[in-house]
Amino acid sequence: MSTAIAFLGLGHMGGPMAANLVQAGYEVLAYDPVPAARRQARADGAVVVDTPAAAVSKSAVVITMLPTGYTVLEVYREVLVSAAPGTLFVDCSTIDVADAVQAAELAVAQGHRALDAPVSGGVSGATAGTLTFMVGGAAPDFAAAQPLLEVMGGQVVHCGGTGVGQAAKICNNMMLGISMIGLSEAIVLGEKLGLSHQKFFDVVSTASGQCWSLTTYCPVPGPVPASPANNDYRPGFATALMTKDLGLAANALRDNGVDARIGLLAAEIYQRFNQDQSGMDFSAIVTDIRKRSGEDDKA
Ligand code: NAD
């Protein structure tokens, strides 16, 4: 049986992930409809093919890294018939839990195996091979995928059954969105009350308000030199992606009847910000809160 890997979706994340598999010695059959992505994959050493079916039919594992659940389902419907029985489908895209479950069911109905394996760590993590993978699916399938995921990631966690990898991703990013908004509101309040950004950081980073959004990703320039705030809020993690993830969380909250008013409000706040600023880093929400609070931009 073939040991090749089909890689479908060679964008910001999929491109470098596929390149790391090539670097580790795997034969990667790559497909993306965008010519620039195809050229880059060829330069990285992948075998670029003309259709998704051509990649899938010769591979034991199929990895997808696609924009939406709709696209994942569309691609699965297109390629499942071309795969050899027992092919392992690993979807690394961030999508609805319900779509992830449906994708896995489609694969299993065709005699294949399937995992949801979304990631955290962004483009820099994809490039460095240090992504965190959150995996849902059966234990033997997880064991089969683990060596590949470890090539692309620094941390690989089997979270539970089908869809539970997406659940972990959605829960994490809902907390991240909420914490970034809460922190930004506190920073703007501090500004109004005469507290400098550096003093805010010195106190809160070692007090009970401490959080990743402050200590690693501080949304105002100065205290954490590598944060996007020091680079005119160039992403980083774009507002469009945070808005997407909070939308997925909102769907899951509603589907499951969770009384999560803050999670739903966070989705609404980012949706509004996303209308004008989708390309900015998500930490730029602090500039919006400042503006809406009648303050000049102090960033
Ligand atoms: P991207 O838009 O850069 O890449 C998606 C790629 O999929 C594009 O190159 C597109 O041409 C390709 N594509 C679209 N339809 C296709 C099809 N039918 N067959 C094959 N390829 C197709 O997006 P990205 O930033 O690489 O993100 C991919 C996924 O990873 C998304 O679900 C995103 O939410 C998630 N994610 C992104 C980040 C990040 O920082 N960018 C971090 C974590 C998770």
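Colleague: Why is Trp212 called partly exposed?
Modeller: Its relative accessible area is 44%. Buried means under 20%, exposed over 50%, and partly exposed in between, with a 1.4 Å probe and protein chains only. At 44%, Trp212 is therefore partly exposed.

Colleague: What are the ground rules?
Modeller: This is a predicted model, where local features need pLDDT of at least 70, side-chain atom pairs count only at pLDDT 80 or more, and totals for chains, interfaces and linings use all residues. Residues are numbered from 1 along each chain as its sequence is written, and side-chain values use heavy atoms, with hydrogens and water left out.

Colleague: What makes Tyr217 buried or exposed?
Modeller: Tyr217 has a relative accessible area of 11%. That is under 20%, so Tyr217 is buried.

Colleague: How many aromatic pairs are there?
Modeller: The structure holds 5. Rings of Phe, Tyr and Trp (its six-membered ring) pair if their centres lie within 6.5 Å; planes under 30 degrees apart are stacked, over 60 edge-to-face, the rest tilted.

Colleague: Why is the pair of Trp212 and Tyr217 called stacked?
Modeller: The centres are 5.0 Å apart and the planes differ by 20°. The angle is under 30 degrees, so the pair is stacked.

Colleague: And what makes the pair of Tyr270 and Phe282 tilted?
Modeller: Their ring centres are 6.3 Å apart, within the 6.5 Å limit. Their planes stand at 40°, so the pair is tilted. Tyr270 sits in helix 12 (residues 261–277) and Phe282 in the loop between helix 12 and helix 13 (285–292), 12 residues apart. Helices are DSSP runs of H or I, at least four residues, and strands are runs of E, at least two, numbered from the N terminus.

Colleague: How do you know whether Tyr270 and Phe282 are buried or exposed?
Modeller: Tyr270 has a relative accessible area of 0%, and Phe282 has 1%. Both values are under 20%, so both residues are buried.

Colleague: How do you know how strand 1 and strand 2 run?
Modeller: Strand 1 and strand 2 (residues 28–31) run parallel, joined by 4 bridges. Two strands pair if DSSP finds at least two bridges between them, so these qualify. Leu8 stands opposite Tyr31 in strand 2.

Colleague: What makes Asp32 a polar contact of the ligand?
Modeller: An N or O atom in its side chain is 2.6 Å from a ligand oxygen. A polar contact is a pair of N or O atoms within 3.5 Å, so Asp32 qualifies. His12 also places a polar side-chain atom 2.7 Å from an oxygen of the ligand.

Notes:
A polar contact is a pair of N or O atoms within 3.5 Å; within protein, one must be able to donate a hydrogen and the other to accept it, and residues adjacent in sequence count only if both atoms are side-chain atoms.
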